[in-house]
Amino acid sequence: MIARQRAGLAAATFAAATMLACSDPDAPEANFENYADTLALYALNGAPRGAPTAVRIITGVLGSAAVTTEASFDLDVAVDIDDQGRPRLYPVRSIASPILSRHQVGILREQRAFDAITEAPEDGYVLDSAQTVAIGEVVIIQSTDPGACNTVFGGAVYAKMVVDSVRTA
């Protein structure tokens, strides 16, 4: 339980391909520009009050995708560090109360290099389940955040992410 007692800092290199299907779901068009960002996120357990512990893809369009984990759970993926010091990603539904009806988030572990990924796959995502990842492992996040695409047809935003280091001091 040492990981629970320290405020480990996970630095994640994060780039989002914010492609939204807000009109015809069979012909998605990007509604926002793609962006790249480098984030410094604290572990969910042990973080200082108000520290960024999560990612919300759509907020990166206007600023930083790093957000705090608060009672509203306006996030896509929270980060923590497990007992072995490995990064652990928690989709919003895996940590929020079911009564809040938060959006679905999928995580896809990727074998390709970060820079080689130019388009998000359509399937293969593990939905709403926490995932432990290795340092340097690339994942693709699929979020159905209604704040990103508020329409009857739904839609999704996608991001590719790699945790490049974890500091536990």
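Before the first strand, one cut-off: a residue is called buried when its relative accessible area is under 20%. The model on the screen is predicted, and I will use that cut-off throughout.

Strand S5 is where I want to start. S5 covers residues 77–81, and five of its five residues are buried. Val77, Val79 and Ile81 point one way from the strand. Ala78 and Asp80 point the other way, and these are buried as well. The background is that side chains in a regular strand alternate between the two faces of the sheet. In S5, then, buried residues are found in both directions.

What does S5 pair with? On one side there is strand S3, residues 54–55, joined to S5 by two bridges and running antiparallel to it. Val55 is the residue opposite Val77 there. Strand S6, residues 87–91, is also antiparallel to S5, with five bridges between them. In that pairing Val79 has Leu89 as its bridge partner. S5 and S6 make a hairpin with five residues between the two strands. Gly85 sits in the turn and has a positive phi of about 85°.

Stepping out to the sheet, the order is S4-S3-S5-S6-S9, an open sheet of five strands with antiparallel pairing. S4 and S9 are the edge strands, each pairing on one side only. S9 is residues 131–132.

Now the whole chain. It has two helices and 11 strands. Reading from the N terminus, the elements go α-β-β-β-β-β-β-α-β-β-β-β-β. There are 169 residues, and 44% of them are buried. The chain exposes about 8,500 Å², of which carbon and sulfur atoms supply 50%. For contacts between residues at least 6 apart in sequence, 59% join residues at least 24 apart.

Back to the edge, with one residue from S4. Is Val67 buried or exposed? Val67 lies in S4, residues 66–67, and counts as buried because its relative accessibility is 16%, against the limit of 20%. The C-alpha atoms of Val67 and Thr53 are 6.3 Å apart, with their positions 14 residues apart in sequence. Setting aside neighbours within four places in sequence, the contacts of Val67 include Pro52, Ala54, Val55 and Arg56, and also Asp74 and Leu75. Two of those names, Arg56 and Asp74, come back in the next part.

That part is charge pairs. Side chains of opposite charge can pair when their charged atoms come close. How many salt bridges are there in the whole structure? The search finds six, and I will go through some of them.

Take Asp145 and Arg56, whose side chains meet at 2.7 Å, N to O. Asp145 is in the loop between S10 and S11 and Arg56 is in the loop between S3 and S4, so this salt bridge ties together parts 89 residues apart in sequence. Asp145 is buried, with a relative accessible area of 3%. Arg56 is buried too, at 17%.

Then Arg102 and Asp74, which meet in a salt bridge at 3.0 Å, N to O. Arg102 belongs to the loop between helix H2 and S7, Asp74 to the loop between S4 and S5, and they are 28 residues apart. Asp74 counts as partly exposed, at 34% relative accessibility.

Another salt bridge is Arg93 with Asp128, with the closest N and O atoms 3.2 Å apart. Arg93 is in helix H2 and Asp128 in the loop between S8 and S9, so the pair connects parts 35 residues apart in sequence. Arg93 is partly exposed, with a relative accessible area of 41%, whereas Asp128 is buried, at 19%.

Last topic, the rings. The structure holds one aromatic pair. Tyr125 and Tyr158 form it, 6.1 Å centre to centre with 45° between the planes, and the pair is classed as tilted. Tyr125 is in the loop between S7 and S8, Tyr158 is in strand S11, and 33 residues separate them in sequence. Tyr125 is buried at 11% relative accessibility, and Tyr158 is buried at 13%. There is also a charge over a ring: Lys160 lies over the face of Phe114, at 4.5 Å from the ring centre.

Conventions
Residues are numbered from 1 along each chain as its sequence is written. This is a predicted model: local features need pLDDT of at least 70, side-chain atom pairs count only at pLDDT 80 or more; totals for chains, interfaces and linings use all residues. Side-chain values use heavy atoms; hydrogens and water are left out. Helices (H or I, at least four residues) and strands (E, at least two) are DSSP runs, numbered from the N terminus. Buried means under 20% relative accessible area, exposed over 50%, partly exposed in between (1.4 Å probe, protein chains only). Contact means heavy atoms within 4.5 Å. Accessible areas come from the Shrake-Rupley method with a 1.4 Å probe; for residues, only the protein chains shown count as cover. Two strands pair if DSSP finds at least two bridges between them. Rings of Phe, Tyr and Trp (its six-membered ring) pair if their centres lie within 6.5 Å; planes under 30 degrees apart count as stacked, over 60 as edge-to-face and the rest as tilted. A charge sits over a ring if NZ of Lys or CZ of Arg is within 6 Å of the ring centre and within 35 degrees of the ring normal. A salt bridge is a side-chain nitrogen of Lys or Arg within 4 Å of a carboxyl oxygen of Asp or Glu.
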